[in-house]
Amino acid sequence: MKNCFKTAFLFLTVWLMVPVLYAQWTGPVNLSPNAISAGLNESMGSCIGVSGDTVHVVYGDRFNATHGAIFYTRSTDNGLTWSIPEAITDSAGNAWNAAISVNGPAVHVVWREIDTLDNHRSSHYIHSMDGGTTWDAPVTLDSPVANWPAVASSGNNVYVVNDIVTSSSPYNTEIFFLTSADNGFTWGSHRQITFAVGRSEDEAIHAQGQDLFMSWNDNRSGQMQIFFKHSGNGGIAWDSDLVVIPPFDYGTMVGSDNNHIDVVAAGAPSGHYQVRLAQSADLGYTWSPEKDLTSDTAYTYYYPDMVRDGEELHVTCVKAFFGAQYLHSQDGGITWDPPYTLGFSGITPFIAYSGCVLHVILPDSGHINYYRNPTGNGGPHCPDTTAIESVPRQSFQVKVYPDPMDAEATVELIPPSLSAEAVLIVYDVYGRQLFYKRFGRDYKMVLNRDQLGSGVRYYRVLLRDKIMATGKLVVM
């Protein structure tokens, strides 16, 4: 019996220790209510971008087998409400596989167009310089035969990479690069930046100042691998190609935060595809051994996306037969919380953050769903986590009882010696703060219904501006 009680206590402790993540996800919100067959890009080009409290989303809607358009919608209040989607490409065209990059009020969108008459493929670009309110005329970036492009931006510079068929027999694709120094008003010429036999394709690009980082699928060795390439001068010169995730792989994304570079992909060195992560702490010059984030021998995972904020890493992917998954690490990728199922998705669920808020979009049965976690990010860009001093989260436990609560509930901190500096914050499902109070020397705090109202409420406990614990409370 003692062991049963001990196991139950440990389970409760672990559940309360799971960071900001799970209970606070809200959604789904249908962003494409009038869509016929809406879909997103594959891994390599994100369909979501943020700037301040504005969240931008692009998606493709297929009207029939030969016609489709790219649609755009935005939220100016950090995901609480959304605009009516508008077509930003010709509805008589055949557009799909959009990708977006946002830098302040500049919104850059690229996509692939298939000519309805001759079936030629080409890449196109359009931008808005007022945060998505108005859009300039679209621009054709390349000639046939081109596959879907990816885009990144930094300052006034816009960078596009695309794989183009250079030979049909034997089949060969190479990656080309072009840039604009004036926010997409004028463009330079295409430059080839990969030179190998076979398929160099599905490239992802990320910009951080003059540093550009690219990852892509490549089978020059006879087996698909994930390659990485870096430029330190805005694409004028590129370093050598480097394998960062060995065979067999597909579907990659790349991101950076200061000197940290993360490349994520679906890899299957043996058995099922799993989410695999390669990391560098020196702008991509040296790499640590890749990691298996899912380690599931029974199921397949694919189409990952990833963002980093300091030591906070957020990953989304698809788990076969289960749908979109969310994975989180608070220590730079050393340890990972268990995957959390968000909703059905057959292709890439994309993730972004703005401040403390996480945003996820995913395709579901012909429409685009949006999920929001109001306190999901605990990195440096979250206002509540800006302190330099770090406190181990494992040193803190929280007990809330009774739950569900009727008139009152007690919040108890363990150990009480730390409670003199701890703060309790309670939010509603929209992330609005309902309660804020410092514990003082008393290791217990009483909440009442008059303060919180009724419904599902979420709490976080902070110690010296670091999130120590989070959880959910139901108010009857």
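## A guided tour of the predicted model

Start with the whole protein in view: of its 476 residues, 55% are buried. Keep in mind as you go that this is a predicted model. Colour by secondary structure and you will find two helices and 36 strands. Show the surface next, and you are looking at about 19,400 Å² of accessible area, with carbon and sulfur atoms contributing 55% of it. As for contacts between residues with a separation of 6 or more, 50% link residues that lie 24 or more positions apart.

**Stop 1: colour by confidence**

Switch the colouring to pLDDT. The mean for the protein is 87, and 89% of the residues reach 70 or more. Which elements have the lowest and the highest mean pLDDT? Select residues 2–17 for the lowest: this is helix α1, with a mean of 35. Then select residues 86–87, strand β6, where the mean is the highest, at 98.

Now widen the first selection to residues 1–23. The pLDDT stays under 50 across this stretch, and the model gives it 36 contacts beyond four places in sequence. Residues 385–394 are also worth selecting, since there too the pLDDT is below 50, with 27 contacts in the model beyond near neighbours in sequence. Where pLDDT is low, the predicted coordinates should not be read in detail.

**Stop 2: a four-stranded sheet**

Select residues 249–257, which form strand β19, and residues 291–292, which form β22. These are the edge strands, each pairing on one side only. They belong to an open sheet of four strands, ordered β19-β20-β21-β22 and paired in the antiparallel sense.

Add residues 260–267 to show β20, which pairs with β19 through eight bridges, antiparallel. To see one pair of bridge partners, pick V254 and V263, the latter in β20.

Between these two strands, in the loop from β19 to β20, sits N258. Its phi is near 60°, a positive value in a residue that is not glycine. Is N258 buried or exposed? Its relative accessibility is 56%, so N258 counts as exposed.

**Stop 3: another positive phi**

Jump to D202, in strand β15 (residues 200–208). D202 is not a glycine either, yet its phi is positive, about 50°. Here the relative accessibility is 4%, so D202 counts as buried.

**Stop 4: the disulfide**

How many disulfides does the structure hold? There is one. Select C356 and C382 and show their side chains: the S to S distance is 1.9 Å. The torsion about the S-S bond is about 80°, so this disulfide is right-handed.

Show the backbone around each cysteine. C356 is in the loop between β27 (350–354) and β28 (357–364), while C382 is in the loop between β29 (367–373) and β30, so the pair ties together parts 26 residues apart in sequence. Both ends are buried: C356 has a relative accessible area of 12%, and C382 has 0%.

While you have cysteines in mind, select C47 and C317 as well. C47 is buried at 1% relative accessibility, and C317 is buried at 0%.

**Stop 5: two cis peptide bonds**

Finish in the loop between β30 (397–401) and β31 (408–414), where you will find P402. The peptide bond joining Y401 and P402 is cis, with omega about -5°. P404 lies in the loop between β30 and β31 too. A cis peptide bond joins D403 to P404, with omega about 5°.

How values were computed
Residues numbered from 1 in each chain as written. Heavy atoms only, no water. pLDDT = per-residue confidence, 0-100. Contact = heavy atoms within 4.5 Å. Pairing = 2+ DSSP bridges. Buried < 20%, exposed > 50% of the residue type's maximum accessible area, 1.4 Å probe, protein only. Areas by Shrake-Rupley, 256 points an atom, 1.4 Å probe, with all protein chains shown as cover. Disulfide = S-S within 2.5 Å.
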